[in-house]
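Please open the model in your viewer and keep the selection tool at hand. The tour below goes from one selection to the next and says what can be found at each stop.

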Amino acid sequence: MSVAANGTAEGEKGRIVARGLSHAFDAPARGRGEERAPVLEDVGLEVRAGEFFCIVGGSGCGKTTLLRILAGLLRPEAGEVSVGGRTVEGPRPEVGFLFQQPVLLEWRTVLENVLLPLEVGHGGARRGPWRGRKSSEAKRARALELLAGVGLEGYEHHRPDQLSGGMQQRVALARTLLPDPEVLLMDEPFGALDAITRGAMQTLLLGLWERLGRTVVFVTHDIAEAVFLADRVAVMGGRPGRIEAVFPVDIPRPRPASLRYEGHFAARCRPVYDIMENLHGPLRGEGTGE
Ligand SMILES: Nc1ncnc2c1ncn2[C@@H]1O[C@H](COP(=O)(O)OP(=O)(O)OP(=O)(O)O)[C@@H](O)[C@H]1O
Ligand SMILES: [Mg+2]
């Protein structure tokens, strides 16, 4: 097996394996200071290289905690994670993270926000695909290319407060893609958007994913969003959180936006809904933004 410059075995690139993850946080206990509240218990998952993997689950079941562990932002109390065949011990440029809110620097232009990962921290120019070799002109050209890829050509000199919420999230997506991550972890990235913008963002993300061929782990509350996007959907639930079931979604791609209104699409959503309902009770307004 050949080994890439960053020590990753080529066949493993973008593959995620997590085994036996358990974690607890300090939580206030009634009248007795603090106690440990278990949040994840024996969570395991394998995501194939290049797969689009969605995780759905109710609020507080540990989805964000799990993503933070996969990203190396949080050390689990038990278990381990590898990405690309290498054990995760901290944040790495091969793993990108997109949050629910775009978190842009208001005083910087769109282009300067996208270039940020190459200036600071682990995604910087010293490591990862850029490794300090590329000129600032090449970085700028790549940032402009990614901005065009997310439909923001011509907006590079705008400031974030001159953009809509959906446009700001597209800037954040371009910024996450700039270090060319093998794996993209997305934590309810479209949760704050209205239904029409969210649908457009889903289509845009699928187009990018089909072009770039990267592994995506996407967390959402919305069953229809998960089924529309995913190769497989994992349902998380319980306290402490566990993976309760994993469903393959064998709907051919490319998937048109109108797919959401097909009977066979609803049939794919139904078993996911049934498990969620078992875990959380009847769900109101699922997929309708209520
Ligand atoms: N840093 C922390 N310190 C203490 N408790 C925490 C911390 N982060 C999360 N928790 C607790 O862990 C549990 C799971 O939180 P987490 O954010 O992973 O849930 P989630 O599934 O992402 O929820 P949501 O869908 O609302 O985003 C919650 O009970 C939360 O209060
Ligand atoms: Mg969360």
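Begin by selecting β1 and strand β4 (residues 78-83), which run antiparallel and are joined by five bridges; strands here are DSSP runs of E with at least two residues, helices are runs of H or I with at least four residues, and both are numbered from the N terminus. Within this pair, pick S22, whose bridge partner in β4 is A78. What you are viewing is a predicted model, in which local features need pLDDT of at least 70 and side-chain atom pairs count only at pLDDT 80 or more, while totals for chains, interfaces and linings use all residues. Residues are numbered from 1 along each chain as its sequence is written, and chains are lettered from A and ligands numbered from 1 in the order in which they are written.

Next, widen the selection to the open sheet of four strands, which has the order β2-β1-β4-β5 with antiparallel pairing, where two strands pair if DSSP finds at least two bridges between them. At its edges stand β2 (34-47) and β5 (86-87), each with a single partner strand, so one side of each is left without a neighbour in the sheet.

Now add α1, which packs on this sheet and touches β1, β2 and β4, its direction making about 125° with that of β1; contact means C-beta atoms, placed from the backbone, within 7 Å, and angles run from 0 to 180 degrees between the N-to-C directions of axes fitted to C-alpha atoms, for helices over the stretch in contact. Seven of the nine residues of α1 are buried, that is, 20 or more other C-beta atoms, placed from the backbone, lie within 10 Å of their own. Just after α1 comes G72, whose phi is positive, near 80°.

Which residues are around ligand 1? Select F25, A27, V39, G57, S59, G60, C61, G62, K63, T64 and T65, each with its C-beta atom, placed from the backbone, within 6 Å of the ligand. The largest share of this shell, three residues, comes from α1.

Finally, turn to the open sheet of six strands, ordered β6-β7-β8-β3-β9-β10 with mixed pairing. Here β6 (95-98) and β10 (242-248) are the edge strands, each with a single partner strand, so one side of each is left without a neighbour in the sheet. From one strand to the next, the twist averages 20°. Four bridges join β6 to strand β7 (residues 183-187) in a parallel arrangement, and G96 stands opposite L184 in β7. Across β6 and β7 lies helix α4 (residues 165-177), running at about 170° to β6.

Note on methods
Contact = placed C-beta atoms within 7 Å. Buried ≥ 20, exposed ≤ 12 C-beta atoms within 10 Å, placed from the backbone.
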